[in-house]
Amino acid sequence: MAVYKLAVAFALIFAVAEAQRPFYAGLRPIGYPAVESSPLGNRFGEDSNAPIEARGDGNLINRIEQLPIEQRPFWYLNAKQYDELRKNPQNYPQRPNSFIG
């Protein structure tokens with residue numbers, strides 16, 4: 001009988017511990033992205049200026065660069081424009097808060 005009570009107690013403790021996070025939420029913590037753990041991920045620099053769609057494929061970038069501008073794919077042209085916009089972000093001055101002071 002004591003073994004039965006001990007087994008039920010462990011089952012209850014396990015159930016309470018598992019109830020803290022639903023099974024469909026996954027095993028990893030929420031809010032933290034999965035990052036590359038190796039510091040040598042980009043040691044050759046092959047994807048330094050490449051858009052996301054072409055990472056790791058230097059031959060594809062070379063072929064696209066040889067095409068005339070009007071025949072280059074949209075995803076490649078847009079990636080270059082977005083990179084240019086990221087270099088010069090628009091900053092707006094904040095208005096002073098009338099409730100402070």
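# A three-helix predicted model

Of the 101 residues of the chain, 9% count as buried. The model is a predicted one. Its chain contains three helices and zero strands, and reading along the sequence gives the pattern α-α-α. The chain exposes about 10000 Å², and carbon and sulfur atoms supply 59% of that area.

## The N-terminal segment

UniProt, in an unreviewed entry, places the feature "signal peptide" at residues 1-19. In the model, 89% of this span is helix and 0% is strand. The C-alpha atoms at the ends of residues 1-19 lie 27 Å apart.

M1 lies in the segment before α1, the helix that covers residues 2-18. M1 has a relative accessible area of 73%, so it counts as exposed. Together with Y4, V8 and L12, M1 makes a nonpolar surface patch of about 480 Å².

## The salt bridge

The structure holds one salt bridge. The side chains of R72 and E65 meet in it, with a distance of 3.8 Å from N to O. Side chains of opposite charge can pair when their charged atoms come close.

R72 lies in the loop between α2 and α3, which span residues 58-66 and 74-87. The cut-off for a buried residue is under 20% relative accessible area. R72 counts as buried because its relative accessible area is 15%. E65, the partner of R72 in the salt bridge, has a relative accessible area of 34% and is therefore partly exposed.

A second link between R72 and E65 involves the backbone: the backbone oxygen of E65 lies 3.0 Å from a polar atom of the R72 side chain. The side chain of R72 thus meets the side chain of E65 in the salt bridge and also has a polar atom 3.0 Å from the backbone oxygen of E65.

Leaving aside neighbours within four places in sequence, R72 is in contact with I64, E65, L67 and L77.

The accessibility values for the residues discussed above are listed here.

| Residue | Relative accessible area | Class |
|---|---|---|
| M1 | 73% | exposed |
| E65 | 34% | partly exposed |
| R72 | 15% | buried |

## Summary of the two sites

At the N terminus, M1 is exposed and belongs to the nonpolar patch with Y4, V8 and L12. In the loop between α2 and α3, R72 is buried and forms a salt bridge with E65.

How values were computed
Residues are numbered from 1 along each chain as its sequence is written. This is a predicted model: local features need pLDDT of at least 70, side-chain atom pairs count only at pLDDT 80 or more; totals for chains, interfaces and linings use all residues. Side-chain values use heavy atoms; hydrogens and water are left out. Helices (H or I, at least four residues) and strands (E, at least two) are DSSP runs, numbered from the N terminus. Buried means under 20% relative accessible area, exposed over 50%, partly exposed in between (1.4 Å probe, protein chains only). Accessible areas come from the Shrake-Rupley method with a 1.4 Å probe; for residues, only the protein chains shown count as cover. Patches are made of residues with over 30% relative accessible area and no salt bridge: like charges are joined within 9 Å, nonpolar side chains (Val, Leu, Ile, Met, Phe, Trp, Tyr) within 5 Å. A salt bridge is a side-chain nitrogen of Lys or Arg within 4 Å of a carboxyl oxygen of Asp or Glu. UniProt positions are given in the numbering used here, feature names are shortened, and annotations may be inferred rather than shown by experiment. A polar contact is a pair of N or O atoms within 3.5 Å; within protein, one must be able to donate a hydrogen and the other to accept it, and residues adjacent in sequence count only if both atoms are side-chain atoms. Contact means heavy atoms within 4.5 Å.
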